Amino acid sequence: MKLNKDVLLQIKNRKSLLLLFIFILFPTLVFGQLTGVTVTPDNSNAGEESIYDISFTTSLLWPANGKLTIEFVTGFDASTVLLATSINNVDGGLKASGSGRTVTIERDGTGSDVISGTTVSVRIANVTNHTQPNSYTATVTTTDNLGGLIETGTSSIFTIEAGPL
């Protein structure tokens with residue numbers, strides 16, 4: 001069989017259609033990696049409430065109406081989170097909520113998109129530390145406004161210490 005232009009075009013179109021189909025069905029296969037992720041408590045005493053600073057560098061665009069989740073390990077309590085504020089490179093309004101061990105920060109769309117390669121820092125208030133002194137990590141994830149995964153990363157280790165007696 002001789003391959004002519006029409007046959008080659010059909011093959012190319014089928015491959016393009018297949019790739020498009022894969023990306024529509026499995027959008028989470030194409031995501032980036034947050035780097036330089038840190039999660040730092042201002043109070044590292046076990047079982048006590050703390051303000052946390054979260055910092056990371058994006059490799060993809062994070063939209064002005066996107067979301068950020070910080071997932072602590074079991075034993076932390078994020079259900080009393082009160083607020084989130086930007087420390088660095090996030091403008092517009094932020095709304096924080098907590099459930100179990102997860103904090104979700106929603107951007108309200110009034111700010112600018114965070115472009116690739118930007119280091120972002122946010123602060124959240126009222127996460128209750130784990131009751132066991134130890135070293136921990138947290139998972140930080142950016143998503144679009146519908147919850148579609150953009151990037152994820154694991155923080156460097158932070159330490160929870162025994163509180164005063």
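# A walk through the strands

Select N126 to start: this residue is buried, with a relative accessible area of 18%. Here buried means under 20% relative accessible area, exposed means over 50%, and partly exposed is in between (1.4 Å probe, protein chains only). What you have open is a predicted model, where local features need pLDDT of at least 70, side-chain atom pairs count only at pLDDT 80 or more, and totals for chains, interfaces and linings use all residues. Residues are numbered from 1 along each chain as its sequence is written, and side-chain values use heavy atoms, with hydrogens and water left out.

Stay on N126 for a moment. You'll find N126 in strand 8, residues 119-128. Helices (H or I, at least four residues) and strands (E, at least two) are DSSP runs, numbered from the N terminus. Now show the neighbours: leaving out residues up to four places away in sequence, N126 touches E49, S50, D77, T80, V81 and L82. A contact means heavy atoms within 4.5 Å.

**Zoom out**

Colour the protein chain by secondary structure and you get one helix and twelve strands. Going along the sequence, the pattern reads α-β-β-β-β-β-β-β-β-β-β-β-β. The protein chain has 165 residues, and 36% of them count as buried. Take the contacts between residues at least 6 apart in sequence: 70% of those join residues at least 24 apart. The protein chain exposes about 9,300 Å², with carbon and sulfur atoms supplying 57% of it. Those accessible areas come from the Shrake-Rupley method with a 1.4 Å probe, and for residues only the protein chains shown count as cover.

**Strands 4, 6 and 7**

Next, select residues 67-71 and 102-107. These are strand 4 and strand 7, and they pair in the antiparallel sense over five bridges. Two strands pair if DSSP finds at least two bridges between them. Which residue in strand 7 is the bridge partner of L68? Click I105, and there's your partner.

Add residues 94-99, which make up strand 6; six bridges join strand 6 to strand 7, and the two run antiparallel. S99 stands opposite T102 in strand 7. Strand 6 and strand 7 form a hairpin with two residues between the strands, and in this hairpin G100 takes a positive phi near 60 degrees.

**Three salt bridges**

Switch on the charged side chains. The structure holds three salt bridges, each being a side-chain nitrogen of Lys or Arg within 4 Å of a carboxyl oxygen of Asp or Glu.

Start with R123 and D53, whose closest N and O atoms are 2.6 Å apart. R123 lies in strand 8 and D53 in strand 3 (residues 49-57), so this pair ties together parts that are 70 residues apart in sequence. R123 is partly exposed at 34% relative accessibility, and D53 is partly exposed too, at 26%.

Now pick E71 and R101, whose side chains meet in a salt bridge at 3.0 Å, N to O. E71 is in strand 4 and R101 is in the loop between strand 6 and strand 7, so the pair ties together parts that are 30 residues apart in sequence.

Then go to D91 and R107, where the closest N and O atoms are 3.7 Å apart. D91 sits in the loop between strand 5 (84-88) and strand 6, while R107 is in strand 7, 16 residues apart. Is each one buried or exposed? D91 is partly exposed at 38% relative accessible area, whereas R107 is buried at 4%.

**Rings**

Keep R107 selected and add W62: the charged end of R107 sits over the ring of W62, 4.9 Å from its centre. That label needs NZ of Lys or CZ of Arg within 6 Å of the ring centre and within 35 degrees of the ring normal. W62 is buried, with a relative accessible area of 0%.

Now show the aromatic side chains. The structure holds eight aromatic pairs. Rings of Phe, Tyr and Trp (its six-membered ring) pair if their centres lie within 6.5 Å; planes under 30 degrees apart count as stacked, over 60 as edge-to-face and the rest as tilted. One of the pairs is F56 with W62, edge-to-face, with 6.1 Å centre to centre and 65 degrees between the planes. F56 is buried at 0%.

Next, select F72 and F158. Their ring centres are 6.4 Å apart and their planes are at 90 degrees, so the pair is edge-to-face. F72 lies in the loop between strand 4 and strand 5 and F158 in strand 12 (residues 158-160), so the pair ties together parts that are 86 residues apart in sequence.

For the last stop, add Y52, F76 and Y136 to F72 and F158: together they form one aromatic cluster.
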